[in-house]
Amino acid sequence: MTPMEATAMLTHVTGWSLSSDKKKISKQFKFKDFAEAMVFANKIAPIAEAEGHHPDLAIGWGKTAVELTTHAIGGLSENDFILAAKIDAIA
């Protein structure tokens, strides 16, 4: 996916950011505590498994950061934006 295509795809997901190298998108979700952040991360897991597309997650006190890229191609694909939309739907 070209940087221009990735920028256009960002208009279909809310709050996601494109990395400076244009190879990843990310979003941080906020929660009231660590337990809620973990619950959210655990909701992402079955969706990622079903899609066969796995995000990088960073979990901390009251937050879960999600980073998406398609490792097989070393950049972004439509699958990243599909998974981003599905993650947004459970947030």
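Visitor: Which pattern does the chain follow, read along the sequence?
Guide: Bear in mind that this is a predicted model. The chain has three helices and four strands. Put them in sequence order and you get α-β-β-α-β-β-α.

Visitor: What radius of gyration does the chain have, set against the globule rule?
Guide: For 91 residues the globule rule gives 12 Å, and the chain comes out close to that, so it is as compact as a globular protein of that length. The C-alpha atoms fill a box of roughly 40 × 25 × 20 Å along the principal axes. The radius of gyration itself is 13 Å.

Visitor: How much of the contact count, at a separation of 6 or more, comes from residues 24 or more positions apart?
Guide: A contact here needs heavy atoms within 4.5 Å. Take the pairs with a separation of 6 or more, then keep those 24 or more positions apart. That share is 59%.

Visitor: How many salt bridges does the chain have?
Guide: There are 9 positive and 11 negative side chains to work with, and the centres of the two sets lie 6 Å apart. A pair counts when a Lys or Arg side-chain nitrogen is within 4 Å of an Asp or Glu carboxyl oxygen. By that rule the count is four.

Visitor: Which residue does K24 pair with in a salt bridge?
Guide: K24 sits in the loop between β1 (17–18) and β2 (25–30), and its partner is 43 residues away in strand β4 (residues 63–68). K24 is partly exposed at 31% relative accessibility, and the partner is also partly exposed, at 29%. The closest N and O atoms are 3.7 Å apart, and the partner is E67.

Visitor: Is K27 buried or exposed?
Guide: K27, in strand β2, forms a salt bridge with D88, which lies in helix α3 (residues 78–90), 61 residues apart from K27. The closest N and O atoms there are 2.9 Å apart. D88 has a relative accessible area of 21%, so it counts as partly exposed. For K27 the value is 17%, and the cut-off is under 20%, so K27 is buried.

Visitor: What is the N to O distance between E36 and K32?
Guide: E36 is partly exposed at 33% relative accessibility, whereas K32 is exposed at 62%. Their side chains meet in a salt bridge, with an N to O distance of 3.9 Å.

Visitor: What percentage of the residues in the chain is buried?
Guide: The accessible surface comes to about 5,300 Å², with 57% of it belonging to carbon and sulfur atoms. Residues count as buried under 20% relative accessible area. Out of the 91 residues, the buried part is 34%.

Note on methods:
Residues numbered from 1 in each chain as written. Predicted model: local features only at pLDDT ≥ 70, side-chain atom pairs only at ≥ 80, totals over all residues. Heavy atoms only, no water. Helix = DSSP H or I, 4+ residues; strand = E, 2+ residues; numbered from the N terminus. Rg over C-alpha atoms; globule rule 2.2 N^0.38 Å. Buried < 20%, exposed > 50% of the residue type's maximum accessible area, 1.4 Å probe, protein only. Areas by Shrake-Rupley, 256 points an atom, 1.4 Å probe, with all protein chains shown as cover. Lys, Arg positive; Asp, Glu negative; His and termini not counted. Charge placed at Lys NZ, Arg CZ, Asp CG, Glu CD.
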